[in-house]
Number of protein chains: 2
Amino acid sequence: MDGLTINEASETTGWSSRMLRYIEREGLIAPRRSPSGYRLYGAEELQRLRTLRELLSEHDLSLGDVGFARRLNDDRGLHDAVESWLEAAPSRPADVPVSDWLRFEQEKHERLLAKASEQLTTTT
Amino acid sequence: MDGLTINEASETTGWSSRMLRYIEREGLIAPRRSPSGYRLYGAEELQRLRTLRELLSEHDLSLGDVGFARRLNDDRGLHDAVESWLEAAPSRPADVPVSDWLRFEQEKHERLLAKASEQLTTTT
DNA sequence: CAAACCTTGACACAGTCGTGGTAAGGTTTG
DNA sequence: CAAACCTTACCACGACTGTGTCAAGGTTTG
């Protein structure tokens with residue numbers, strides 16, 4: 001029997017058995033099965049389970065995020081569609097120079113100040 | 001005034017003004033602002049808003065998914081981290097040949113059948 | 001065969017997502 | 001200045017996430 005059962009894997013990885021099944025359903029880590037259907041986690045899966053925990057906490061990701069990244073890797077069509085949409089234009093469009101953007105906040109501030117002093121002086 | 005205000009953009013894109021603000025907060029489409037802070041949507045943004053709708057429905061994605069894809073594009077460190085985790089091992093490890101995997105269900109089925117007939121014949 | 005595992009499926013529950021609405025307050029323009 | 005916009009911030013609410021627990025039933029092994 002070369003492989004840990006789900007509860008053994010749970011102990012060495014820190015993931016609850018419930019979460020191990022959940023992770024599998026998300027398509028992230030699917031251990032092989034014994035002839036009777038028991039999950040058998042090998043050294044490789046155990047390592048990946050540990051690094052998965054780090055990946056999530058260090059970059060503030062959800063399991064769904066990683067699952068989506070996997071979809072992007074597996075499905076070229078999806079990857080290209082998303083990629084082309086993203087590249088179609090940056091979130092701050094090219095025709096809006098950074099200077100304008102940065103100036104926005106400042107102008108707003110100035111206007112508010114101007115308005116304020118106006119109202120202080122020209123009390124209608 | 002070259003640009004539609006949020007409600008005008010809402011009418012031509014189908015997104016509610018509420019969602020346009022939400023989409024902006026997700027980092028997907030940030031229109032430039034008038035000096036007083038009004039959002040001004042240009043032709044490019046309007047087009048992207050329409051294609052965004054298609055992207056989501058055709059590939060069954062969420063706004064969060066696209067936002068995450070954007071993070072992957074913008075943050076090389078994140079991209080590499082996720083990528084290396086994914087490449088570390090396929091969800092169906094190499095040491096589990098497809099044939100084994102496929103055979104699993106069948107064997108399970110056979111075992112169940114065998115068990116059933118056993119119990120029918122050797123009634124304890 | 002009984003104890004101690006494993007499996008899938010279902011109920012539960014707090015938290016976040018996607019959406020709408022409302023409130024309090026600037027902006028624009030007749 | 002009043003109507004009709006816009007802004008941000010908050011409450012609401014169903015649906016999905018992440019997680020636990022329990023139930024009904026197979027597997028393994030002393």
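# A walk through two chains and two DNA strands

Of the 124 residues that make up chain A, 18% count as buried, and this figure, like every other value in this text, comes from a predicted model. The secondary structure of chain A comes to six helices and two strands, and if you follow the chain from its N terminus, these elements appear in the order α-α-β-β-α-α-α-α. To see how the chain folds back on itself, one can consider the contacts in chain A with a separation of 6 or more: residues 24 or more positions apart account for 49% of these.

A few single residues of chain A make good landmarks. Gly42(A) lies in the loop between β2 (39-40) and α3, and it counts as partly exposed, with 18 C-beta neighbours inside 10 Å. Why is Gly42(A) not called buried? A buried residue needs 20 or more other C-beta atoms within 10 Å, and Gly42(A), with its 18 neighbours, therefore counts as partly exposed. Although Gly42(A) and Leu55(A) are 13 residues apart along the chain, their C-alpha atoms are separated by 20 Å.

Further along, Gly67(A) is found in helix α4 of chain A. Gly67(A) is partly exposed as well, because 17 other C-beta atoms lie within 10 Å. If its neighbours within four places in sequence are left aside, Gly67(A) is in contact with Glu26(A), Gly27(A) and Leu28(A). The distance from Gly67(A) to Ala88(A), taken from C-alpha to C-alpha, is 25 Å, and the two are 21 residues apart in sequence.

Where does Asp60(A) lie in chain A? Asp60(A) sits in the loop between α3 and α4, and its phi is near 55 degrees, which is a positive value in a residue other than glycine. Asp60(A) is exposed, because it has 9 other C-beta atoms within 10 Å, and a residue counts as exposed if that number is 12 or fewer. In chain B, Asp60(B) is found in the loop between α3 (43-59) and α4, and it has a positive phi of about 55 degrees although it is not a glycine. With 9 other C-beta atoms within 10 Å, Asp60(B) is therefore exposed.

We now turn from single residues to the way helices pack. Within chain B, α1(B) and α3(B) pack with their axes 10 Å apart and at an angle of about 45 degrees, which means that α1(B) is oblique to α3(B). The crossing of these two helices, α1(B) and α3(B), is right-handed. On the side of α1(B) the contact is made by Ala9(B), Thr12(B) and Thr13(B), while α3(B) contributes Leu46(B), Leu49(B) and Arg50(B). Sorted by character, the residues of the contact of α1(B) with α3(B) are three nonpolar, two polar and one charged.

Helices also meet across the two chains. The axes of α3 (residues 43-59) of chain A and α5 (residues 76-87) of chain B come within 11 Å and cross at roughly 165 degrees; α3(A) and α5(B) are therefore roughly antiparallel to each other. In passing α5(B), α3(A) makes a left-handed crossing. The residues of α3(A) that make the contact are Thr51(A), Leu52(A), Leu55(A) and His59(A), and those of α5(B) are Leu78(B), Ala81(B), Val82(B) and Trp85(B). The contact of α3(A) with α5(B) holds six nonpolar residues, two polar and no charged.

Finally, both chains take part in the surroundings of the DNA. Which residues are the closest to DNA strand C? Among the 20 residues that surround DNA strand C, the closest are Thr5(A), Asn7(A), Arg39(A), Ser16(B) and Ser62(B). The elements that give two or more residues to this surface are α1 (6-13) and α6 (98-121) of chain A together with α2 (17-25) and α4 (63-74) of chain B. The surface near DNA strand C is divided into five nonpolar, nine polar and six charged residues.

DNA strand D, in turn, is surrounded by 19 residues, of which the closest are Ser16(A), Ser62(A), Thr5(B), Asn7(B) and Arg39(B). At least two residues of the surface near DNA strand D are supplied by each of α2 (17-25) and α4 (63-74) of chain A and α1 (6-13) and α6 (98-121) of chain B. The residues of the surface near DNA strand D comprise five nonpolar, eight polar and six charged.

Key. Residues are numbered from 1 along each chain as its sequence is written. Chains are lettered from A and ligands numbered from 1 in the order in which they are written. This is a predicted model: local features need pLDDT of at least 70, side-chain atom pairs count only at pLDDT 80 or more; totals for chains, interfaces and linings use all residues. A residue is near a molecule or strand if its C-beta atom, placed from the backbone, lies within 6 Å of it. Helices (H or I, at least four residues) and strands (E, at least two) are DSSP runs, numbered from the N terminus. Ala, Val, Leu, Ile, Met, Phe, Trp, Tyr, Cys and Pro count as nonpolar, Asp, Glu, Lys and Arg as charged, and the others, Gly among them, as polar. Axes are lines fitted to C-alpha atoms, for helices over the stretch in contact, and angles run from 0 to 180 degrees between N-to-C directions. Angles under 35 degrees count as roughly parallel, over 145 as roughly antiparallel, 65 to 115 as roughly perpendicular and the rest as oblique. A crossing is left-handed if the near helix is turned anticlockwise from the far one by less than a right angle, and right-handed if clockwise. Two residues are in contact if their C-beta atoms, placed from the backbone, lie within 7 Å.
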